[in-house]
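The report below follows the contacts between chains and then turns to features within single chains.

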Amino acid sequence: MYRAQTFDFKKNVQAALADRRLRRNLRAAMDILIDNRHKAFPDAAALERLRSRGHAIKQHALNRLPRLLEELEGRCRENGMQVHWAETAAEANDTVLSIVRAHAARFLVKGKSMVSEEIHLNAFLARHGIEAVETDLGEFIIQLCRETPSHIIVPAIHKNRQEVARILHQQIPDAPYTEDVEELTAIARHTLRRRFAEARVGISGVNMAVAETGTLVLVENEGNGRMCTSVPEVHIALMGIEKVIARLDDVPPLLRLLTGSATGQIITTYVNMITAPRRKGEKDGPREVHLILLDNRRSHILADPELRQILMCIRCGTCLNHCPVYTRIGGHAYGHVYPGPMGQVFTPLIEGVQETGELADASSLCGACEAVCPVKIPLPALLRRIRRERAQPHSAQGGGRLKNMAEAAVWKGWALANVFPVLNQAAVKAGAKTGRLPTVAGPLKQWTNVRTAPRFADRTLHEMLNATGDGDE
Amino acid sequence: MIYPPTTVYFFATCLIDAFFPQAGLAAMRLLEKAGVKVVFPRRQSCCGQPAYNAGYVQQARQAARHQLKLFTSPYPIVVPSGSCAAMMKIHYPRLFAGTVDETAARRFAGRVYEWSEFLVRILHIRLTDCGRPVAVTWHSSCHALREMGVTEDAKALIRQLENVTMKPLKNEEECCGFGGTFAVKQPALSAAMVRDKVDDIVGTGAGIVLAGDCGCLMNINGALAHQGASATGLHLAQFLWERTHVPRADL
Amino acid sequence: MNDPSRRRILSRIRSSLKSVTPENPPSAPAPAPKRTPAARIKHLTQRMTAVHAEVHVVEKTHWTETFKALAAEKNWREIACGSGHPLIDELKMAWQTDANDLPVLTPCTAASAPFKARLFQVDAGITSTMGAVADTGALIVWPTPAEPRLLSLVPPVHVALLPAERIYNSLAEAMTEQKWKAGMPGNALLISGPSKTADIEFKLVYGVHGPRELMVLMLV
């Protein structure tokens, strides 16, 4: 479907907008998620206080990041976990591979992890002959049809039950064709149960890591996360360095914000808090727990006081749900792992502003995302900032410089007209002579695909007031 | 601000100046009716928002500085647009943070009011409806709603008109797709959004859609006309002025 | 540690944060409203029932009799349990006294591999709990050597024994009163209902990878 390799954003957007079924599915899905969130936080004042608290917790954690990471590492090691530091995606992948090889595993079971998508872990493992079996139902479905997730929280949101029925029937041996959602779920359960039982390695993400106690907190509804982290002998936990929080006391408010914002639940079915591998006398649990701390440009982003705020993101997905653009094009159109408003800021920062900064243009800066972000990230301000970074005329990367120069010239002319209003008024008068803004060619042409062209007034307000003398001091 | 104020500045916005001057006049007249003298500094131009949003900060500052120099007396600055008011009130201090103009920008920003907010909360205007019964609907412009928080003030003004019924949109708070340069840079997305907004408007059965922002109105009116819809969009100021001062047969 | 990645990452973070003066940690919020014990029982029951958990309020003095009746009703063939907990001892006693027409009660053995396989075959697993959290409606389950992690995860039914006096108002309160900070178990769980998903068209389905049923015996 929409692949990052051939990233033509405009083309992706057009294709997505033309896909009626996708738009219908998305609209219905986002409306449900918006409504659920609204119901999960019935008290507006209490929600505001909670958001402020969430913001304070995450900001504090970022401000003390090096100490907290050291504390986390120390506690985890004391508790028997192994801690690995990965500067790049490649390093993280290599670390996973070496652990998997050390246990002679040919496949592993996998819970949902955005970081694993970010480093393209599954493809990497496949190149080395290791099968990564997705166990979250939505991820399982899209893995079977070789797609990528279209939403952070509900990865198969773009599929309806007929599509799912077809996929399972075609891809799973002996699976009957059924559109009954319970039967489809049972097929997945049955298929994956065997894999859980036989797996030597399980991989998970981390929702938050408590430095004070060395505890990894994972939330889920299906039980596959607990399976991945408790059944196999080895558990590998992948985590972006920005996910560390200072204290155990920080967990309840963040948990509430995360589950309420992501799915509108007051709590998920399971909150899984992992502090150690199997201890002496215990009969189960992994014998080894490996925590991989991933940097991948986060430590660079941290240097900018404004842009670092994107690192407060707790990956709830609610900015996607409320975004009028995401609602109309879905996650694949963005062509990268993180879609929606947070993705439009984060992706340019990890993949390059010149290469992917175009993503930040796909926003009317309506502010709906900012109004619901559980940790109060000022997303519109960050989007503007990405645009500003991209507009710098002498960018190091060069690519897009010509386009930038043309646009820069436009804004220079615009500024002149606004500083010397006689220019402004002259331009408007010239426009008024033709009656309408020029829309036959150029950037305004597409305006008239769906709208009549705006009409200049016969006289500007300036002219009217000059004539009457109204408004004089 | 001296309370009650006797004189205010009016910052009309570039869109009103060029495309909706009647709305600007109406806004000024209603302010006068509510008891203040209105001063319109002659060389005002654009608040700078389009360049600011596009990431062209130097150019945005140039336009903004020009306005800073014009509105020098300590009068409140009343703006008939949520997005321009927000640009001046909330973003000017950020735009000039760390520059020599920072203090001037803050002082300026502290005097900015959105038009309906000023009429309701400061001037406590009373309106009497002279028009015939009509159904309208309201589009909450994004910056007016989320940055300036003035939607309720606008609705309070409409509610003062006893022959006007408000029919709510299904997605009143969803962006209409204008977003300034967004409509030009991302035309397909913008088109999809305005089409949905127009369907919503037509679905209410109201003959008039009101908004406090001319960017939204330009966008919505263009789409309504393109579809041949009978509904039309009006700036709140123009609608209120016509309802309370021009008893026309067609209102 | 001489790990170069670690060194470089930490050093880059430190220089990135050079100009930041860390402020004090955020202060604790106003405590959440407290409910009476009776209200907590009611609220917990409501929340858990709403997500399809089965809640039975039973007298502490004869809970095993009630459970026997439930087990017979459900037609279970085999139930797995742990050991070493007073409530589980009571359970074993009750089974020893009279197990006619009842499912087999299998305590978890020391050997891990055979018992792990067994768990995939039994009909229910029964565990004690550390208590529960009323405001969100969740059980607190801490697996131990006596009650392994998979006991509450693998069997299709999870039966949880909850002493009603250990229902806390909130997670924050439970963490404080039970002094979690002083020593976290290897694995601590909050369990609010049977496993579920809505990944297909938002249609809610129970019993995905975790238990299909959660039965709570609230002991009063």
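In this predicted model, the residue of strand 9 of chain C that serves as bridge partner to A:Asn272 is C:Leu189. That pairing belongs to a ladder in which strand 9 of chain A, residues 270–274, runs antiparallel to strand 9 of chain C, the two being joined by 5 bridges.

**The contact between chains A and C**

The strand pairing sits within a broader set of contacts, in which 58 residues of chain C touch 69 residues of chain A. Several elements of chain C each supply at least two residues to the side that touches chain A, namely helix 1 (4–16), helix 5 (112–119), helix 6 (171–177), strand 9 (187–191) and strand 10 (196–197). Of these, helix 1 of chain C gives the most, with 9 residues. The table sorts the side of chain C that touches chain A by residue class.

| Class | Residues on the side of chain C that touches chain A |
|---|---|
| Nonpolar | 31 residues |
| Polar | 14 residues |
| Charged | 13 residues |

Among the 2 pairs of chains in contact, chains A and C share the most contacts. Chains B and C, by contrast, are joined by no contact, and their closest C-alpha atoms lie 16 Å apart.

**Chain A as a whole**

Chain A contains 23 helices and 10 strands. Its radius of gyration is 26 Å, close to the 23 Å that the globule rule gives for 473 residues, so chain A is as compact as a globular protein of that length. The C-alpha trace of chain A spans about 95 × 55 × 50 Å along its principal axes, and 56% of the 473 residues of the chain count as buried. When contacts in chain A are restricted to residues at least 6 apart in sequence, 72% of them join residues at least 24 apart.

**Helix 6 of chain B**

Which residues of helix 6 of chain B are buried? Within this helix, which covers residues 102–109, they are B:Ala105, B:Phe108 and B:Ala109. These residues cover an arc of only 95° around the axis, which puts them on the same side of helix 6 of chain B. An α-helix has 3.6 residues a turn, so residues three or four places apart point the same way. The buried residues of helix 6 of chain B pack against three elements of that chain, which are helix 4 (57–70), helix 5 (82–95) and strand 4 (112–114).

Note on methods:
Residues numbered from 1 in each chain as written. Chains lettered and ligands numbered in written order. Predicted model: local features only at pLDDT ≥ 70, side-chain atom pairs only at ≥ 80, totals over all residues. Helix = DSSP H or I, 4+ residues; strand = E, 2+ residues; numbered from the N terminus. Rg over C-alpha atoms; globule rule 2.2 N^0.38 Å. Buried ≥ 20, exposed ≤ 12 C-beta atoms within 10 Å, placed from the backbone. Contact = placed C-beta atoms within 7 Å. Arc of directions from axis to C-beta. Nonpolar A, V, L, I, M, F, W, Y, C, P; charged D, E, K, R; others polar. Pairing = 2+ DSSP bridges.
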